[in-house]
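Have a look at the model below, and take a moment to turn it around. The notes after it start where two chains meet and then move to a sheet.

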There are 4 protein chains.
Amino acid sequence: MQIAVAGGAQASPQEYETARAVGRLIAENGAVLLCGGLGGVMEAACRGAQEQGGTTVGIISGTGDGNPFLSIVIRTGLGHGRNVLVAQSGDALIAIGGSYGTLSEIAIALKTGCPVFGLSSWKIEGVVMCKTPEEAVKRALEGKGSG
Amino acid sequence: MQIAVAGGAQASPQEYETARAVGRLIAENGAVLLCGGLGGVMEAACRGAQEQGGTTVGIISGTGDGNPFLSIVIRTGLGHGRNVLVAQSGDALIAIGGSYGTLSEIAIALKTGCPVFGLSSWKIEGVVMCKTPEEAVKRALEGKGSG
Amino acid sequence: MQIAVAGGAQASPQEYETARAVGRLIAENGAVLLCGGLGGVMEAACRGAQEQGGTTVGIISGTGDGNPFLSIVIRTGLGHGRNVLVAQSGDALIAIGGSYGTLSEIAIALKTGCPVFGLSSWKIEGVVMCKTPEEAVKRALEGKGSG
Amino acid sequence: MQIAVAGGAQASPQEYETARAVGRLIAENGAVLLCGGLGGVMEAACRGAQEQGGTTVGIISGTGDGNPFLSIVIRTGLGHGRNVLVAQSGDALIAIGGSYGTLSEIAIALKTGCPVFGLSSWKIEGVVMCKTPEEAVKRALEGKGSG
């Protein structure tokens, strides 16, 4: 199972800890973590996953190396276009905070029928709002959205 | 000036007429109309623009021909990835109704600083809600969003 | 009809004049010129086309403005990924000189069944080598490759 | 280290065995195998790598599941545009046989400075032609192209 995590390249301390916990839980449950591979929420989630020995995939907008916690880096060079790939490649998407980039990932995920779980993120019809990392990851693993 | 129009591939009769009026006004003002090049709102806007002798560009998701009212067709083959190109290529974006695909275009436009004007569309922070095609096109031509 | 022109972002004086002549001939024949929208061969072709009152479309790799001779700019932000769009969007492709980027456009065009005409460019099976801009544009307009 | 493998979606028995051997060697040396994730050469390479317990990443053109030997699938939906991602994401590229799609991957790899090693593949300036899977993988791991 592949779980995508979306969120801002800058993260508040609270968002950083939330994302790190989400990453840990994804890895503990044996799932692969996909994300945009840069800083902030993306880095925190990867860090958490690697702390538990998990596999992390960064689908980066540029052609460099991404954050230091990536097992695998996909150098897309697509700019914002890479958001579409993150959203499409997850069996579920967990959105943590985030701004318009995150919103674009949520939109594409919902468009393609991928269940989306939100932690203090955009309140869009179709997103299942969750209260804790545990709830979000549990539901993502079950693959049950509202759709 | 290039104005992008976003909206569903299926349109209600009301949305169709709104989009057609938007297309007419864009052409009357000498701007180029960009869109996803398929049916529904996209077709209606192109139709309106061509009725006024305007130029229409369809940035299509596949590699076919798009709707019958295109002056130029860009065959991206990118699937939903083409939404990013529509949003980035407009000097302003007018969103008419629409579902998650339209939401992704709004999100990318706002992310990249492109002003967005909505007609019965997603109420997202940063979108300037307009009441008529005239208002939306006028403001888009002025390039004044809320940002 | 839409004719794509491929070639390097740096052009020798000879390549520049060849590309400009190709652009002029495309416009004189009422076809739309598509290209990557940057400098060198791309700029020369657009310049020639606009000198004849033609329409030019630049499918650029970034999100800026492209060269000064574009009627329409598609801001893809896709990096080298935009080469695929240029190759797919032309009804025929004319390649002028060029390096590996041009080769990628030739390859995608041939892959998708688009006829390719070469002027001092890559000698790849499937490319119709031409001796003059007149021959290349004439054959491109006829849409007759070797395939 | 990430090694990309390019080749046709249909493979001759000879190409299939070559690709499978390449995949085995990549995995034995602890590198990650990247490819387009579909059949033929891509499937054979992934199969070989998984036989040695390696990690395989399929960057697929559609949004489905790819071949049965993928550890991770990136659902790009980009059509031929995904070739650019394969070429850019490898630290080296090994091309096995192949037609125009493979040529496009070779071209983008060379464009971006990624060393390319060929096994009965396109003879393009810059490609290091190799005689055996062992030679190709050894040189790819050393990262030494002709460039």
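How many residues does the contact take from chain A and from chain D? There are 20 residues from chain A and 20 residues from chain D. Please keep in mind that this is a predicted model.

**Where chain A meets chain D**

The size of an interface is often given as the accessible area lost when the parts come together. For chain A and chain D, about 1400 Å² is buried between them, and 56% of this lies on carbon and sulfur atoms. On the side of chain A, the residues that lose the most area to chain D are Ile72(A), Ile74(A) and Arg75(A), which together make up 37% of what that side buries.

One of these residues, Arg75(A), also has a polar role to show: its side chain meets that of Asp91(D) in a salt bridge, at 3.6 Å from N to O. Across this interface the rule finds two salt bridges, and eight residue pairs are in polar contact between chain A and chain D, counting pairs with both residues at pLDDT 80 or more.

Which elements of chain A each supply at least two residues to the side that touches chain D? They are strand 2 (32-35), strand 3 (56-60), strand 4 (72-75) and helix 3 (82-89) of chain A. Strand 4 of chain A gives the most, with four residues. By residue type, this side of chain A divides into nine nonpolar, nine polar and two charged residues.

**The sheet of chain D**

Now turn to chain D itself. Here seven strands make an open sheet with parallel pairing, in the order 4-3-2-1-5-6-7. Strand 4 (72-75) and strand 7 (127-129) of chain D are the edge strands, each pairing on one side only. On average, neighbouring strands of this sheet are turned by 25° against each other, direction ignored.

At one end of the order, strand 6 (residues 116-119) and strand 7 of chain D pair in the parallel sense over three bridges. Within this pair, Gly118(D) stands opposite Met129(D) of strand 7.

Two helices of chain D contact these strands, as the table sets out.

| Helix of chain D | Strands of chain D touched | Angle |
|---|---|---|
| Helix 1 (residues 13-28) | strand 1 (2-7), strand 2 (32-35), strand 5 (92-96) and strand 6 | about 160° with strand 5 |
| Helix 3 (residues 82-89) | strand 1, strand 2 and strand 3 (56-60) | about 150° to strand 3 |

Strand 1 and strand 2 of chain D appear in the row for helix 1 and again in the row for helix 3.

Conventions
Residues numbered from 1 in each chain as written. Chains lettered and ligands numbered in written order. Predicted model: local features only at pLDDT ≥ 70, side-chain atom pairs only at ≥ 80, totals over all residues. Heavy atoms only, no water. Pairing = 2+ DSSP bridges. Axes fitted to C-alpha atoms, helices over the stretch in contact; angles between N-to-C directions. Contact = heavy atoms within 4.5 Å. Buried area = accessible area lost by both parts, 1.4 Å probe. Salt bridge = Lys/Arg side-chain N within 4 Å of Asp/Glu carboxyl O. Polar contact = N/O pair within 3.5 Å; in protein donor to acceptor, adjacent residues only side chain to side chain. Nonpolar A, V, L, I, M, F, W, Y, C, P; charged D, E, K, R; others polar.
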